[in-house]
Amino acid sequence: MISEFQEALLDTVGACPPTQIANNKYENVLENLDSGIMLFDSDGVLSFINVQMAKLLELPRSSLAGRNLMQILHLPELSRFKKKILRIYKETIFHRKRYHELIDEYGRHWLMTVTYGDQMDGDFLFSVKDVSDYKQIEQTAYQNDKLAMLGRISASIAHEIRNPLTAIRGFIQLLRPHLMELGRDEYARIILTEIDRANDIIYEFLNSSKPSAPQKTAVSVMGLLKEVVMLTESEALMKGCQIALDENNELMKVSIDVKQIKQVILNMIKNAMDAIESISGEREGCIDIHTVLEGSYVHICIEDNGLGMDHNTLSRLFDPFFTTKESGTGLGLAVSYRIIKNHGGFIHVDSKHGMGTQFKITLPVV
Ligand code: ADP
Ligand code: MG
């Protein structure tokens, strides 16, 4: 007996029996799923393929349905996927792995699952899903994990460094009257302020596993750059390189934690000096610093004509403890990255091996 409701339903969909309606519904769902789905029967013949899977293979479904795996493999349009398909086949059918992950030519991550066994009546169901977003989250979590580890190790390093610094500070204070007699009180003053700065840096950046919140004040970008350049000029001369600061945009201000941003720029100039030192003699070293105003952002560009970086170095640049230097810590850029992120900015790097490097720090202007 068909109920009134079912009768009405049959009228509207054109006299399909109820099971057919349900089947259509399920098929519709499968057809339009965001995962790609393919069903092979026990003879290896493709009996169903949904829209998304055909899209992924970049082929019309009509050219695939009804063919067996061998015939599909020999389709000229699929020749570029042949190796991948064979590998998936080997992993899932021979090695009986239920999952297989792959990365396509556009860098997207795909998760392939295969289902077979009693519940499938001898059929093999393959489904493919774009998992790039999950991978991204996984990678961020991994990076955060590394930063947390960095925090823990830093805490013990900080403790070890603060002790000798305290000793040095004490002795410089004892020496100060003698330096004054020689008319060199300025040296003592510089040493003391630099030791204090080092202490502050250790405290603020390394002694905590969480990024410290910036204590912001509005300052002139050019004023800040001039100060940092002054601090590094003598070391640069010793290492045989010149620092050229392009003094424009004098009035431009940024709201920053001065100590933190100074630390970032100092680190980049030091890296540039190291890169130049390692090709010493090849050409005259030059570090060019300039600013560019773009909308509500300022780019601080620090360019060197030193060694440059290869692909491997570029891809690991901001990893804590990644260094190519014998006495490097590999912390400079990891900490810099964190600081700039905390200021709502970003760092961009451009480098050519053997030619030089440009770091571009972007910060919002006041
Ligand atoms: P460290 O200076 O202690 O090695 P950093 O985090 O400051 O640590 O830098 C990491 C690595 O990045 C360096 O060891 C170096 O290989 C590379 N690098 C950074 N800046 C430059 C640059 N200007 N030119 C070439 N390589 C650089
Ligand atoms: Mg460094």
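Me: Which residue takes a positive phi in the hairpin of β3 and β4?
Reply: This is a predicted model. Strand β3 covers residues 99-103 and pairs with β4 in the antiparallel sense over 5 bridges. The hairpin has 5 residues between the strands, and the one with a positive phi, near 85 degrees, is G107.

Me: What is the bridge partner of I103 in β4?
Reply: Strand β4 covers residues 109-115, and β3 and β4 pair in the antiparallel sense. The partner of I103 in that pairing is H109.

Me: Over how many bridges do β4 and β5 pair?
Reply: β4 pairs with β5 as well as with β3. One bridge of the pairing with β5 joins V114 to F126. The sense is antiparallel, and the number of bridges is 6.

Me: How many of the residues of strand β4 are buried?
Reply: A residue counts as buried under 20% relative accessible area. Strand β4 has 7 residues and is mostly covered. The number buried is 5.

Me: Which helix gives the largest share of the largest nonpolar core?
Reply: The largest nonpolar core has 39 residues, and I265, I269, I287, I289, I361 and L363 have the most contacts inside it. The largest share of this core is 9 residues. They come from residues 258-277, which is helix α9.

Me: How many residues are in the other core, the one with W110 among them?
Reply: This core lies apart from the largest nonpolar core. Among its residues are I72, W110, M112 and V114. Its count of residues is 23.

Me: Which residues of 302 to 304 does I287 touch?
Reply: Residues up to four places away in sequence are not counted here. I287 touches several residues, including C241, Q242, I243 and A244, and also I269, A272, M273 and I276. In the range asked about, the residues are I302, E303 and D304.

Me: How far apart in sequence are the parts that D34 and K129 tie together?
Reply: The side chains of D34 and K129 meet in a salt bridge, with 4.0 Å from N to O. D34 lies in the loop between α2 and β1, and K129 in strand β5, so the pair ties together parts that are distant in sequence by 95 residues.

Me: Is D34 buried or exposed?
Reply: Exposed means over 50% relative accessible area. K129, the salt-bridge partner of D34, is at 31% and counts as partly exposed. D34 has 56% relative accessibility, so D34 counts as exposed.

Me: Where does E250 lie?
Reply: E250 forms a salt bridge with K226, the closest N and O atoms being 3.6 Å apart. K226 is partly exposed at 33%, and E250 is partly exposed at 37%. K226 is in helix α8, and E250, 24 residues apart from K226, is in the loop between β7 and β8.

Me: Is K262 buried or exposed?
Reply: K262 in helix α9 and E227 in helix α8 are 35 residues apart, and they form a salt bridge with the closest N and O atoms 2.7 Å apart. E227 is partly exposed, at 40%. K262 has 13% relative accessibility, and the cut-off for buried is under 20%, so K262 counts as buried.

Me: Which residues are linked with K325 in a network of salt bridges?
Reply: Side chains of opposite charge can pair when their charged atoms come close. The count of salt bridges comes to 17. The residues linked in a network with K325 are E235, K239, D274 and E277.

Me: Is E31 buried or exposed?
Reply: E31 is found in helix α2. Leaving aside neighbours within four places in sequence, E31 is in contact with F48, I49, N50, V51, Q52 and R61. The relative accessibility of E31 is 15%, so E31 counts as buried.

Me: What is the area buried between domain 2 and domain 3?
Reply: Domain 2 covers 135-209 and domain 3 covers 217-364, and their centres are 20 Å apart, taken over C-alpha atoms. The contact takes 13 residues from domain 2 and 14 residues from domain 3, with 0 salt bridges between the two domains. Carbon and sulfur atoms give 65% of the buried area, which is about 1400 Å².

Terms used:
Residues numbered from 1 in each chain as written. Chains lettered and ligands numbered in written order. Predicted model: local features only at pLDDT ≥ 70, side-chain atom pairs only at ≥ 80, totals over all residues. Heavy atoms only, no water. Core = buried A, V, L, I, M, F, W, Y, C linked by side-chain atoms within 4.5 Å. Buried < 20%, exposed > 50% of the residue type's maximum accessible area, 1.4 Å probe, protein only. Helix = DSSP H or I, 4+ residues; strand = E, 2+ residues; numbered from the N terminus. Contact = heavy atoms within 4.5 Å. Pairing = 2+ DSSP bridges. Domains from an automatic or database assignment. Buried area = accessible area lost by both parts, 1.4 Å probe.
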